[in-house]
Amino acid sequence: MGSIGNDQALAPPPSTDNPTYKIASIPADGIGPEVISAGIAVLETLASTYGSFSFTFTHFDWSSDTYLSTGKYIPTNGLEQLRAHDAILFGAVGDLRVPDHISLWGLRLAICQPLQQFANVRPTRVLKGVTSPLSACQADPSKLDWVIIRENSEGEYAGQGGRSHVGQPWETATEVSIFTRHGVERIMRFAYEVARSRPRKRLTFVTKSNAQRNGMVLWDEVHERVRADYPDVTSDKMLVDAMTCRMALQPESIDTVVATNLHADILSDLAAALAGSIGIAPTSNLDPTRKNPSMFEPIHGSAWDIAGKGVANPVGTFWTCAEMVRWLGHESAAELLMEAVENVMGEGVKTKDLGGSAGTKEVTEAVQSEVVRLGKQRGVASGKQGKA
Ligand code: IPM
Ligand code: MG
C-alpha cells in the first residue's frame with residue numbers, strides 16, 4: 001500500500017535538558033477562561049516542583065466575542081503564530097449569539113484541520129471520588145480503563161456537502177463523509193501504536209460496514225492491512241451500535257478503541273458518562289508526526305450558565321494538562337498530577353457537579369498543594385531524579 005507523505009510515522013517527544021515549553025493558550029468562551037487559568041496555575045506548580053522543565057504561556061484572545069467584534073475567530077496570520085508553539089491549551093468555544101457550526105468551524109476545526117491534528121485521543125477512567133453508574137466499575141475501577149482514538153481530520157466531519165433550492169419545499173442538503181486510504185491508514189497505525197503501548201495490548205475496531213457499504217468498507221479494508229503489522233496486539237471488530245451495549249455490559253473487555261470521527265464523538269460521551277462524569281474528560285488533538293503543535297482541551301463545553309461564578313469544575317482541564325505534559329515527554333510528572341487530582345477528589349474536595357461544595361479556586365489550590373506534597377514525598381525535584 002502506498003503512502004502519501006510521511007505522516008504514518010509517529011515521532012517521539014524531543015529530548016532536551018531543562019526544556020521550556022511554549023504553550024499557546026486559547027481560553028475562548030464561557031467557563032473556558034476560568035478553567036484554563038486554573039490549569040495554568042497547576043502546570044506552573046508542577047513545573048516548579050520538578051524544576052527540570054518549565055512553561056511560558058502566550059494568551060490568544062480568540063473567542064466568540066472577538067468574532068462578534070471583528071468578524072473572525074482567528075486573525076489572518078493566526079495559524080502561523082500557533083505553529084511557533086510547542087502545544088496549544090484550549091478552553092471551550094460556543095456562544096448563544098453565534099450558531100454552533102460557525103463557532104466550531106471558525107475556531108476549533110479551523111485549528112485541528114490545518115495543523116494536521118488527525119488523532120483525537122480520549123482516555124476514560126473512573127477517577128477517585130467519582131461515582132460510576134456501572135456498579136461493577138464502582139467496586140473495581142480497573143474494569144473501566146479505556147482510550148478512544150477518534151479520527152479527527154475527515155469522515156463525517158469533512159465539511160463536504162451543500163444546499164440547493166434554499167427555502168423551497170424541495171430544498172436539498174447533502175453531508176458527505178470522506179474516507180481516504182491515507183487518512184484511514186494513519187489513524188489505524190496510530191491506534192495500534194497506542195494499543196501496543198498499553199499493558200493489555202488490545203484494540204477494538206469500530207465500524208458500520210454492514211449498512212454503509214462504501215466508506216466504511218474502505219475503513220475495514222485498510223484496518224485489515226494495518227492489523228497485519230501488529231501481531232502482538234489482539235484486536236476485534238464491533239459494529240458501532242453493538243459497541244454501545246458492550247461498553248455498558250462488558251466494560252472490562254475493552255481497552256483501546258478506534259472509531260470514525262462521528263462514531264467516536266458519540267462513543268466518547270457514552271464512555272465519559274459510564275465513568276461517572278462528562279464534565280471531567282480530556283481530549284488531545286494530536287499531530288503524531290509533531291510537525292505541528294498538538295492541541296489539548298477539556299471535553300466539556302462553554303457552560304455559560306455557570307460562567308463567571310467561580311464554580312466551574314477544573315478537573316477536566318487538569319486531566320487535559322496531564323495529557324499535554326505526557327505528550328511533551330514527562331510521563332511521571334503527568335502521573336503525579338493525576339494522582340494529586342484523584343487524591344483531592346477522593347478527599348471530597350469537589351465541585352457541585354460531582355456532589356461536592358468546593359469552588360474552582362478551592363479545588364485548584366488543593367491540587368497545587370497535593371502536587372507539592374507528592375513531589376516532596378517522592379523527591380522529584382530536579383537533580384534528585386533526572387528526567388521527569
Ligand atoms: C466534541 C464535541 C464537538 C464535536 C462539538 C462541540 C461539535 O462534541 O469534542 O466531542 O462533536 O467534535
Ligand atoms: Mg462530542
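The exchange below concerns a helix and several salt bridges in a predicted model.

Colleague: How do you know that the span of helix α12 agrees with its number of residues?

Modeller: Helix α12 covers residues 360–378, and at 1.5 Å a residue its 19 residues should span 27 Å; the end C-alpha atoms are 27 Å apart, so the two values agree. The helix is followed by glycine 379, whose phi is positive, near 60°.

Colleague: What covers the buried residues of α12?

Modeller: The cover includes α1 (32–50), α10 (315–327) and α11 (331–346), and among the buried residues of α12 are Val363, Val367, Glu370 and Leu374.

Colleague: What makes the pair of arginine 97 and aspartate 65 a salt bridge?

Modeller: Their closest N and O atoms are 2.8 Å apart, and the cut-off is 4 Å, so the pair qualifies. Arginine 97 lies in the loop between β3 (87–92) and α4 (100–112), whereas aspartate 65 belongs to helix α2 (residues 64–70), so the pair ties together parts that are 32 residues apart in sequence.

Colleague: Why is aspartate 236 called buried, and arginine 202 partly exposed?

Modeller: Buried means under 20% relative accessible area, and aspartate 236 has 19%, so the residue counts as buried; arginine 202, at 26%, falls between that limit and the 50% limit for exposed residues, and therefore counts as partly exposed.

Colleague: Where in the chain do these two residues lie, and how far apart are their closest N and O atoms?

Modeller: The salt bridge between them has its closest N and O atoms 3.2 Å apart, and it links aspartate 236 in strand β9 with arginine 202 in strand β8 (residues 202–207), 34 residues apart.

Definitions and conventions
Residues numbered from 1 in each chain as written. Chains lettered and ligands numbered in written order. Predicted model: local features only at pLDDT ≥ 70, side-chain atom pairs only at ≥ 80, totals over all residues. Heavy atoms only, no water. Helix = DSSP H or I, 4+ residues; strand = E, 2+ residues; numbered from the N terminus. Expected span 1.5 Å × (residues − 1). Buried < 20%, exposed > 50% of the residue type's maximum accessible area, 1.4 Å probe, protein only. Contact = heavy atoms within 4.5 Å. Salt bridge = Lys/Arg side-chain N within 4 Å of Asp/Glu carboxyl O.
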